[in-house]
Structure formats: C-alpha cells, structure tokens
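Take a look at the sequence and the 3D view below. The report that follows goes through a few features in turn.

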Amino acid sequence: MITKIFKFFIVFLMLISSSLFAKEQSYICIDIDNGGFYYNGSEYQLTLFELDKFIIKIDFDNKSIQSDHPNLFLAEPICLDSMNLAYLTCASRYGETFMINRMNLEFTYSSIFGHVGDGPNSEGYADPIGIRFGVCRQEN
C-alpha cells in the first residue's frame, strides 16, 4: 500500500514539476527596426516609426508574457504551443503578435488591427499597422 502511494506521489511530482520550477524573467527588448503604415488623415502611408525599447516578462515554461508598455498589447495575449520549442508565439484578440526565439532572444512584433478594426475617428486618427523586430536581453 505504501509503495503505491509513493509511486503516485512521484508521478504527481513529475507532472507538476515544470510549473513548480518555471520562472518568469524580465527582459528588456530593443528595436532594430520598426515600420509600417500610418494613417495621415485620408490614407495609409508607408513609414518608419521611432525605435523603442520595452520591458517584457516572459515565462517560457508556462507560455506566458506580460508587459505594461502602452504600445504593445491592448488585450492580454495568449501564447501558443510550438512544435519547435525554441519559439514562443503569443497573440491578442486585436491582431497583435509577439514571437521570440528563446535561444538567441530575437523577437518580432506586429500590430495589424488598424485597417480592419477601426476607421478614422472625428479627428482623422486611425490605428497604425506595423511590424518591429529586435533583440531582448535578460534584465539584471
């Protein structure tokens, strides 16, 4: 009886061990380039956006990311399983995607809500459509 309980306990520990030892890390990510389409009041024009940097918390084991940067996610992203464990891909319901390579910490981010999600408001503003890429490093 004790042996069965011990075996059950070992199996249980193995199943939850990844979440016990998973750790969220903070990374600072810096753009290499950032561009897309900006609405000028009457049409979208191809443009370069200002380069930026942001802090993002990533838990590779539990497949989650979080950032307070105002230009990243309008809604909480959902991260997907990947057949290739080197990549973590996350997306929000507003067409924002973030993909990072856990081996070299290179990332891409896209935001595609603008054209399909909203029209110009009364001041002539519509959300831009963009893609940025860069490299992250672990924050000290």
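Is Asn84 buried, partly exposed or exposed?

## Asn84 and its loop

This is a predicted model. Asn84 counts as partly exposed, because its relative accessibility is 37% and that class lies between the 20% limit for buried and the 50% limit for exposed. Asn84 sits in the loop between β5 and β6.

Another asparagine can be placed relative to Asn84. Asn101 is 17 residues away along the chain. The C-alpha atoms of Asn84 and Asn101 are 9.9 Å apart.

## Two disulfides

How many disulfides does a search of the whole structure find? The search finds two. Number the bonded cysteines of the protein chain in sequence order, and the pairing reads 1-4, 2-3.

## The link of Cys29 and Cys136

One disulfide joins Cys29 to Cys136, with 2.0 Å from S to S. This link is right-handed, with 100° about the S-S bond. Cys29 belongs to strand β1, residues 25-39, and Cys136 to strand β9, residues 129-138. The pair therefore ties together parts that are 107 residues apart in sequence.

Are these two cysteines buried or exposed? Cys29 is buried, as its relative accessible area is 0%. Cys136 has 4% relative accessibility, so Cys136 also counts as buried. The cut-off for buried is under 20%.

## The link of Cys79 and Cys90

A disulfide also joins Cys79 to Cys90. Its S to S distance is 2.0 Å. The link of Cys79 and Cys90 is right-handed, and the angle about the S-S bond is 100°.

Which strands hold this pair? Cys79 lies in strand β5, residues 78-80. Cys90 lies in strand β6, residues 87-91. The two cysteines are 11 residues apart. Both Cys79 and Cys90 are buried. The loop between β5 and β6 is where Asn84 is found.

## A nonpolar patch on the surface

Which residues form a nonpolar patch on the surface? They are Ile32, Phe133 and Val135. Together they have about 250 Å² of accessible area.

Phe133 is placed in strand β9. That strand spans residues 129-138 and also holds Cys136. Phe133 has 39% relative accessibility, so Phe133 counts as partly exposed. Cys136, by contrast, is buried at 4%.

How values were computed. Residues numbered from 1 in each chain as written. Predicted model: local features only at pLDDT ≥ 70, side-chain atom pairs only at ≥ 80, totals over all residues. Heavy atoms only, no water. Disulfide = S-S within 2.5 Å. Helix = DSSP H or I, 4+ residues; strand = E, 2+ residues; numbered from the N terminus. Buried < 20%, exposed > 50% of the residue type's maximum accessible area, 1.4 Å probe, protein only. Patch = residues over 30% accessible without salt bridge, like charges linked within 9 Å, V, L, I, M, F, W, Y side chains within 5 Å. Areas by Shrake-Rupley, 256 points an atom, 1.4 Å probe, with all protein chains shown as cover. Salt bridge = Lys/Arg side-chain N within 4 Å of Asp/Glu carboxyl O.
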